[in-house]
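Below is a short report on side-chain packing and charge pairing in one protein chain. Look at the sequence and the structure, then read on.

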Amino acid sequence: MSYQPNDPHLVPQTAQPSLFLPQRGMRNGAQGLSIPTGAPVTGPQHQQTSELAQQYELLERLGVSTAASQDFDELARDMAQQAGFLYGFVNLFLEEQTFIGLHQPPADSGYVIVGRTMSHDHGWCPEVVARKKALPLHDVHASPRFSGNHVVDAVGIRSYFGAPLIHDSGTVLGTVCVIDPERRPLSEARRLRDIVISTGAQVMDHIAPAPVR
């Protein structure tokens, strides 16, 4: 399957399964970060715009690029391999969910291949950002609240474990997470949760190293 930009529906393709999530005009790099112009200035959307501005300002101050990074790809890979999951993400919450770190199956594996961005309406990371704590879903179908999700249908995901990336200032920059088409035993939930929390701490060490005392 291919998820074409500007097309909200998945379209069957004859080629290998893939899921290319739509990208918007975003200026990457540590310099020249900016939020979209023309955003509403009142109501809940104003609050979201304010939070986005804080995130960009903090990332620019820390010198963190919003582009894909080999270092973060390696952290995503290590996290996924420790957990035994097919997919791992280091995810910044910008105009869209932006995967500066990504691990996934090889292109010829037969599994869905994902792009580097995804709408805020998709996946379970928005819940992690909102609650500001880890979300362990050993089986997304165990709860009606989490079973109805675009990612369930598009990628066939059955298990999700995510943790927030929270700066010392209190600003939530994004998440780390792993997803997989297979459910996990409930007895494994604590171990898998601890893996993503530990990786989240490593990511924050990269983003904002502790000062030397």
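Phe89 is buried in this predicted model, because its relative accessible area is 5%, and buried means under 20%. Phe99 is buried as well, with a relative accessible area of 4%.

**Aromatic pairs**

How many aromatic pairs does the count come to? The count comes to three. One of them is an edge-to-face pair of Phe85 and Phe161, with 5.9 Å from centre to centre and 85° between the planes. This pair links distant parts of the chain. Phe85 sits in the loop between α2 (70-83) and β1 (87-93). Phe161 belongs to strand β5, residues 159-166. The two are 76 residues apart. Are Phe85 and Phe161 buried or exposed? Both are buried.

Phe89 and Phe99 also form an aromatic pair. Their rings are tilted, with 55° between the planes and 4.7 Å from centre to centre. The tilted class applies because 55° lies between the cut-offs of 30 and 60 degrees. This pair, too, links distant parts of the chain: Phe89 is in strand β1 and Phe99 is in strand β2, 10 residues apart.

**A charge over a ring**

Which residue lies over the face of Phe85? Arg184 does, at 4.1 Å from the ring centre. Phe85 therefore has a ring partner in Phe161 and a charge over its face from Arg184. Arg184 also meets Asp180 in a salt bridge. Both Asp180 and Arg184 are buried.

**Salt bridges**

Side chains of opposite charge can pair when their charged atoms come close. A search of the whole structure finds eight salt bridges. The table lists some of them, with the N to O distance for each pair.

| Salt bridge | N to O distance | Accessibility |
|---|---|---|
| Arg77 and Asp78 | 3.2 Å | Arg77 partly exposed, 32%; Asp78 partly exposed, 31% |
| Asp180 and Arg184 | 3.2 Å | both buried |
| Glu188 and Arg191 | 2.6 Å | Glu188 partly exposed, 26%; Arg191 partly exposed, 37% |

Take Glu188 and Arg191, whose side chains meet at 2.6 Å. Glu188 counts as partly exposed because its relative accessibility is 26%. Arg191 counts as partly exposed because its value is 37%. Salt bridges that share partners also join Asp139, Arg158 and Arg183 into one network.

Arg77 and Asp78 form another salt bridge, with their closest N and O atoms 3.2 Å apart. Arg77 is partly exposed because its relative accessibility is 32%. Asp78, at 31%, is partly exposed too.

**Two loop residues**

Gln104 lies in the loop between β2 (97-103) and β3 (117-118). What does the side chain of Gln104 reach? It reaches the backbone nitrogen of Val114, at 2.7 Å. Beyond residues up to four places away in sequence, Gln104 touches Leu86, Tyr87, Val112, Ile113 and Val114. Val114 thus appears both in the list of touched residues and as the backbone partner of the Gln104 side chain.

Lys132 is found in another loop, between α3 (125-131) and β4 (135-137). Lys132 has a positive phi of about 60°, although it is not a glycine. Why does Lys132 count as partly exposed? Its relative accessibility is 47%, and partly exposed lies between under 20% for buried and over 50% for exposed.

Notes
Residues numbered from 1 in each chain as written. Predicted model: local features only at pLDDT ≥ 70, side-chain atom pairs only at ≥ 80, totals over all residues. Heavy atoms only, no water. Helix = DSSP H or I, 4+ residues; strand = E, 2+ residues; numbered from the N terminus. Polar contact = N/O pair within 3.5 Å; in protein donor to acceptor, adjacent residues only side chain to side chain. Contact = heavy atoms within 4.5 Å. Buried < 20%, exposed > 50% of the residue type's maximum accessible area, 1.4 Å probe, protein only. Salt bridge = Lys/Arg side-chain N within 4 Å of Asp/Glu carboxyl O. Phe/Tyr/Trp six-rings, centres within 6.5 Å; stacked < 30°, edge-to-face > 60°. Lys NZ or Arg CZ within 6 Å of the ring centre and 35° of its normal.
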